[in-house]
Amino acid sequence: MGPYNKHYTLYRSVMDHSEFHLMCYSNTEHYNNAAWTWLSHLHQSSRKTIATAFKSQPMNVSESHFVNRLMLTKTPFNGWNFSMRVFPVVFEDAGEYTCTLETITFMTIRLSTVKVTAEPSDTVTEGDTVTLNCSVSDVPASTRLVWINGDGETVGEKTLSGEEKSLSLVIQKADRGRGKWTCGVFDQKTLQLSVPYNLEFRVRSLPDRWITTISGYLFVKLVVGLGLIYSLTRKNRQIMPQGWNRRG
């Protein structure tokens with residue numbers, strides 16, 4: 001393949017405001033212009049030019065999808081380095097990115113994005129049923145998704161096909177002490193990306209805590225009181241003389 005037209009595959013989570021770098025540079029020659037193009041994995045569309053630059057001139061971002069998220073790592077384009085970064089990554093960024101310096105293709109990067117969603121999506125109460133869903137934007141060969149609990153144990157896994165791009169995990173009774181989960185993305189046996197997800201639980205309000213505490217206290221007092229009454233009644237029956245309740 002030589003120094004040109006190199007290929008890489010990247011995996012990025014959209015959960016933690018991650019970024020990814022588009023590296024494109026020449027070690028030997030300088031060029032007058034450069035361009036990055038993008039072929040989306042999620043939308044049926046043709047390849048689009050997302051950024052262009054001429055030597056010593058400001059970069060032009062020509063695709064609205066990347067406005068305010070695409071920036072050069074070297075400013076301005078200096079004739080040999082047209083590397084940039086995208087921040088933050090969104091799920092719809094998935095696709096194939098290609099860099100050309102003048103007419104030479106230097107780099108092609110395949111980006112797969114991963115996200116975790118929950119149903120219900122807001123905070124939950126302990127004991128609720130929660131469904132976690134781990135999704136990938138596209139499925140290269142031998143992609144496998146794995147759900148891992150907070151103890152590092154595998155609790156669900158699936159080898160994906162072209163149609164299947166997600167793995168769900170149903171948590172029957174959400175537990176505040178077991179709220180940490182991780183979705184692992186594997187290429188065969190090699191871990192490519194791990195995406196942590198922490199369930200958010202509702203915090204009981206102070207009045208609710210008082211009610212719970214007072215109710216518990218009154219319940220204990222009631223049990224103790226009933227026990228005492230039963231004990232005294234039984235004791236009185238034991239010390240009554242025979243015939244106490246007989247008439248005459």
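**Figure 1. The loop that holds Pro120 in the predicted model.** In this predicted model, Pro120 is found in the loop that runs between β9 (104-119) and β10 (130-136). The peptide bond leading from Glu119 to Pro120 is cis, and its omega is near 5°. The loop between β9 and β10 also contains Glu126, which is shown again in Figure 7 with its salt-bridge partner Arg176.

**Figure 2. The cis peptide bond at Pro88.** Phe87 and Pro88 are joined by a cis peptide bond with an omega of about -10°. Pro88 belongs to the loop between β7 and β8 (95-101). Both Phe87 and Pro88 are among the residues touched by Ser18, whose surroundings are the subject of the next view.

**Figure 3. The surroundings of Ser18.** Ser18 is located in the loop between β1 (6-13) and β2. Is Ser18 buried or exposed? With a relative accessibility of 13%, Ser18 counts as buried. A polar atom of the Ser18 side chain lies 2.4 Å from the backbone oxygen of Ser13. Leaving aside residues up to four places away in sequence, Ser18 is in contact with Arg12, Ser13, Val86, Phe87, Pro88 and Val89.

**Figure 4. The open sheet formed by β2, β7 and β6.** The sheet consists of 3 strands in the order β2-β7-β6, with antiparallel pairing. Strands β2 (20-22) and β6 (70-72) are at the edges; each has a single partner strand, and therefore one side of each has no neighbour in the sheet. On average, neighbouring strands of this sheet are turned by 25° against each other, direction ignored. Between β2 and β7 (residues 84-86), which run antiparallel, there are 3 bridges. Which residue of β7 is the bridge partner of His21? That partner is Arg85.

**Figure 5. Two residues other than glycine with positive phi.** Asn68, which is not a glycine, has a positive phi of about 70°. Asn68 is placed in the loop between β5 (60-61) and β6, and β6 is one of the edge strands of the sheet in Figure 4. The relative accessibility of Asn68 is 74%, so this residue counts as exposed. Gln188 likewise is not a glycine and has a positive phi, in this case near 60°. The loop that holds Gln188 lies between β14 (180-187) and β15 (190-198). With a relative accessibility of 54%, Gln188 also counts as exposed.

**Figure 6. The salt bridge between Glu96 and Arg47.** The whole structure contains 8 salt bridges, and the pair shown here is Glu96 with Arg47. The closest N and O atoms of the two residues are 2.6 Å apart. Which parts of the chain does this pair tie together? Glu96 is in strand β8, whereas Arg47 is in the loop between β3 (33-40) and β4 (48-54), so the salt bridge ties together parts that are 49 residues apart in sequence. Glu96 is partly exposed, its relative accessible area being 26%. Arg47 also counts as partly exposed, at 34% relative accessibility.

**Figure 7. Two further salt bridges, Asp138 with Arg110 and Glu126 with Arg176.** The side chains of Asp138 and Arg110 form a salt bridge with an N to O distance of 2.7 Å. Because Asp138 is in the loop between β10 and β11 (143-149) and Arg110 is in strand β9, this pair ties together parts that are 28 residues apart in sequence. Asp138 counts as buried, at 6% relative accessibility, whereas Arg110 counts as partly exposed, at 29%.

In the second pair, the side chains of Glu126 and Arg176 meet in a salt bridge at 3.5 Å, N to O. Glu126 lies in the loop between β9 and β10 and Arg176 in the loop between β13 (166-171) and β14, so the pair ties together parts that are 50 residues apart in sequence. Glu126 counts as partly exposed, with a relative accessibility of 43%. Arg176 is partly exposed as well, with a relative accessible area of 43%.

Conventions. Residues are numbered from 1 along each chain as its sequence is written. This is a predicted model: local features need pLDDT of at least 70, side-chain atom pairs count only at pLDDT 80 or more; totals for chains, interfaces and linings use all residues. Side-chain values use heavy atoms; hydrogens and water are left out. Two strands pair if DSSP finds at least two bridges between them. Axes are lines fitted to C-alpha atoms, for helices over the stretch in contact, and angles run from 0 to 180 degrees between N-to-C directions. Buried means under 20% relative accessible area, exposed over 50%, partly exposed in between (1.4 Å probe, protein chains only). A salt bridge is a side-chain nitrogen of Lys or Arg within 4 Å of a carboxyl oxygen of Asp or Glu. A polar contact is a pair of N or O atoms within 3.5 Å; within protein, one must be able to donate a hydrogen and the other to accept it, and residues adjacent in sequence count only if both atoms are side-chain atoms. Contact means heavy atoms within 4.5 Å.
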